[in-house]
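Here is a short note to go with the model you are about to open. Take the points in order, and keep the structure in view as you read.

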Amino acid sequence: MCGISGIVARDAERYKPLQEKMVSCQAHRGPDGNGIYSFSNCLLGHNRLSIIDLVSGDQPMLNEQKNIGIAFNGEIYGFQSIREKLEYNFRTTSDTEVILAMYEKYGTGLLPRLPGMFAFGLWDDRKQLFFAARDRFGEKPFYYSLTTGNELVFASELKAIVVSGLVSTDIDPAAVSRYLTHGYIGPVQTIYKNIYSLPPAHSLTFRDGELRIERYWNFPATTTENISLSDAADKFEHLFEEAVRKQMVADVEVSAFLSGGLDSTSVVKAATKFNPAINTLAFGYKDKFNELPFAKAAADMYGTNHHELLEEGSDIEELFLMLPDIYDEPFSDSSAIPTYLICKAARKFGKVVLTGDGGDELLGGYTWWYKPILESIISDDRSKVSPGYVFAMAAVEKMREKIPGAGASRRWRNKLNNIKGSNAGDIVAAAAANHSFDKRIIDSLGLPSPAGFIPFWQQDNSINDAMKFDIADYMPGNILVKTDRAAMANNLELRAPFLDVEFAEFCISMPGHFKTDGKADKILLREAMGKYWPDTIKCRDKQGFGVSGEYWKDSPKMKRLYSEFVTNDKSKLYDLLPYKETQKVIAATPGIAFNFLILSIWMSKKYS
């Protein structure tokens, strides 16, 4: 796990002082070493967190002829078997060199053969070609921009591109619209007009001033095979264990998060097959939102080396003020702070931790969003959602807005409202296109409409389309951004076995009714792994990981912070938005106040 950066420009050496700044500002992503390599027309920079090949895996890494160089962030799971099939004079035992070898054999066609989580920038000095790519689900970030002189700048984090000073940092009003109605901006846009995120499953080439971006992977279609749930569960268990086994390979100790939820419990159960004494880490608050008893029940059953990490009264004001430095743009998932805190605590136990990320999106965990879509699909009138379901679910989500830490619920409620108002024949496509866009809010603030979402896969008008939408947008735009930045801010690598390519493709291809039927969630996961869970976990409801009660509603510090950044008409927020209209929006939609607070703090940091 590392940080990458670089500049592609004629006589690139003149930019070396800027490249040094880019590497320096990403030191948190790789405190074990850093490096810069200069080609005549390309600079590559790297920050290293040593996980594989602790001795000889330094980067940027060059081939034997020193005419190809790479800066790589991520892990290529199962790279050893790939290495055995390549005729190449390997000088290290790192997965980075395997990518170099694959490029020499396959050129830019290597990506369909490359598993794992990754983002890399590669320079081919022979062809004067820059080649970059991002993994299929967006686990690792890759930002890029073209300068006014048509030079390319790239990095793992926005801050590195900004600090280069080579590109303008004008705010994109359409990105502000997307943020206010989603709580996040990615996975393609950024808060800046001229800086972009390379989408998951895409490659980028840049040569002779021409930029080209192409998709190299797509979702598998839903299987037409007549497979039973029990047979699917058997294959699920095998592939899942293989995914966990591959992700436990490291030259440092690997631990696992254990929340006591279905996903993390399943990961830990599989992990104990390969390391019975694995360290499991559970995080809890000293209030009613505590999940520790569920995690302990699983740890006791599996016999892990279990550790309870308690939130010890952190300075909430300080943490909120840190968010712009961690995420580089407005990001208002209320679980960002506890995710940061658990990563900070987990770093004491090593550099690598397994997580349950991806389970909800792959296996139908968001029943409150899927239920009305399922109702519409089985209805005789496919152009109209059952009003009873929609209004009932919207009412439930409206109540959830008032629960501290439930900030994400507003996004799902808005999705339901958009489905309700749609006359489109394909309800899933309509929901995906609208997402959580609230036109009334955007119009009242004088902002342009955000870009709509266009499904890129062949739709089958099933609940699988809704899950694919979440995998394509919500997961890389929110979930994986949250975990990557929180972990890397603490020099920690997180690995998500659910996102193993072979396993994930299998799950995506399974029929939707193997995942959710509107009443039960994660049906396939329960069938495959439920026999290994404690009874208390089998029956528990889904629980969020948002900021706890006293943090947001009752904390005097938070009230003071809100007064300074949102109520105060001198706040930098109102250099961007009209004060009176903003206050009206907050009064009419209290759940959005958190988004304005985060945006205001970010604005104050940007212009301080």
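**Notes on the rings, the core and the cavities**

1. Tyr-144 is a buried residue, with a relative accessible area of 8%. Please keep in mind that this comes from a predicted model. Tyr-196 is partly exposed, at 36% relative accessibility. The rings of Tyr-144 and Tyr-196 form a tilted aromatic pair, 5.8 Å centre to centre with 35° between the planes. Tyr-144 belongs to strand β8 (residues 143-146) and Tyr-196 to strand β10 (residues 196-197), so the pair links distant parts of the chain, 52 residues apart.

2. Now for a pair with another geometry. Phe-456 and Trp-457 meet edge-to-face, at 5.1 Å centre to centre and 90° between the planes. Which of the two is buried, and which is partly exposed? Trp-457 is buried, because its relative accessible area is 6% and the limit is under 20%. Phe-456 has a relative accessible area of 30%, which makes it partly exposed. Phe-456 has a charged partner too: the charged end of Arg-215 sits over its ring, 3.7 Å from the centre.

3. There is a further example of a charge over a ring. The charged end of Arg-83 sits over the ring of Phe-90, 4.2 Å from the ring centre.

4. How many aromatic pairs does the structure hold? The count is 28. One aromatic cluster is worth finding on screen: it is formed by Tyr-184, Tyr-366, Trp-368, Trp-369, Tyr-370, Phe-469 and Tyr-474.

5. Next, the nonpolar interior. The largest nonpolar core has 169 residues, and Phe-120, Phe-236 and Phe-320 touch the most other members. Helix α17 (residues 463-488) gives the most to this core, with 14 residues. A second, separate core of 18 residues includes Phe-130, Ala-132, Leu-198 and Phe-206.

6. Phe-236 is a good place to look at contacts. Setting aside residues up to four places away in sequence, Phe-236 touches Leu-363, Phe-503, Phe-506, Cys-507, Leu-524, Leu-525, Ala-528 and Met-529.

7. Ala-282 is found in strand β14 (residues 279-284). Is Ala-282 buried or exposed? At 2% relative accessibility, Ala-282 counts as buried. Beyond its neighbours within four places in sequence, Ala-282 is in contact with Leu-258, Leu-292, Ala-295, His-306, His-307, Glu-308 and Leu-309. One of these, Ala-295, is 13 residues from Ala-282 in sequence and 6.4 Å from Ala-282 in space, C-alpha to C-alpha.

8. Please look at the cavities as well. Eight cavities of 30 Å³ or more are counted, and the largest cavity holds about 150 Å³ of space. Its lining has 22 residues, of which Tyr-143, Glu-329, Gly-477, Val-481 and Arg-485 lie nearest the centre. Helix α17 supplies the largest share of that lining, six residues. This is the helix that also gives the most to the largest nonpolar core.

9. Finally, the chain as a whole. The chain has 24 helices and 17 strands. Buried residues make up 62% of its 608 residues. Among contacts between residues at least 6 apart in sequence, 71% join residues at least 24 apart. The pair of Tyr-144 and Tyr-196, at 52 residues apart, is a handy place to see such distant parts of the chain linked.

Definitions and conventions. Residues numbered from 1 in each chain as written. Predicted model: local features only at pLDDT ≥ 70, side-chain atom pairs only at ≥ 80, totals over all residues. Heavy atoms only, no water. Core = buried A, V, L, I, M, F, W, Y, C linked by side-chain atoms within 4.5 Å. Buried < 20%, exposed > 50% of the residue type's maximum accessible area, 1.4 Å probe, protein only. Helix = DSSP H or I, 4+ residues; strand = E, 2+ residues; numbered from the N terminus. Contact = heavy atoms within 4.5 Å. Phe/Tyr/Trp six-rings, centres within 6.5 Å; stacked < 30°, edge-to-face > 60°. Lys NZ or Arg CZ within 6 Å of the ring centre and 35° of its normal. 1 Å grid on protein atoms, 1.4 Å probe; cavity = no way out; pocket = protein on both sides within 12 Å on 5 of 7 lines; lining within 4 Å. Points joined across faces, edges and corners; volume = space filled by probe spheres on them.
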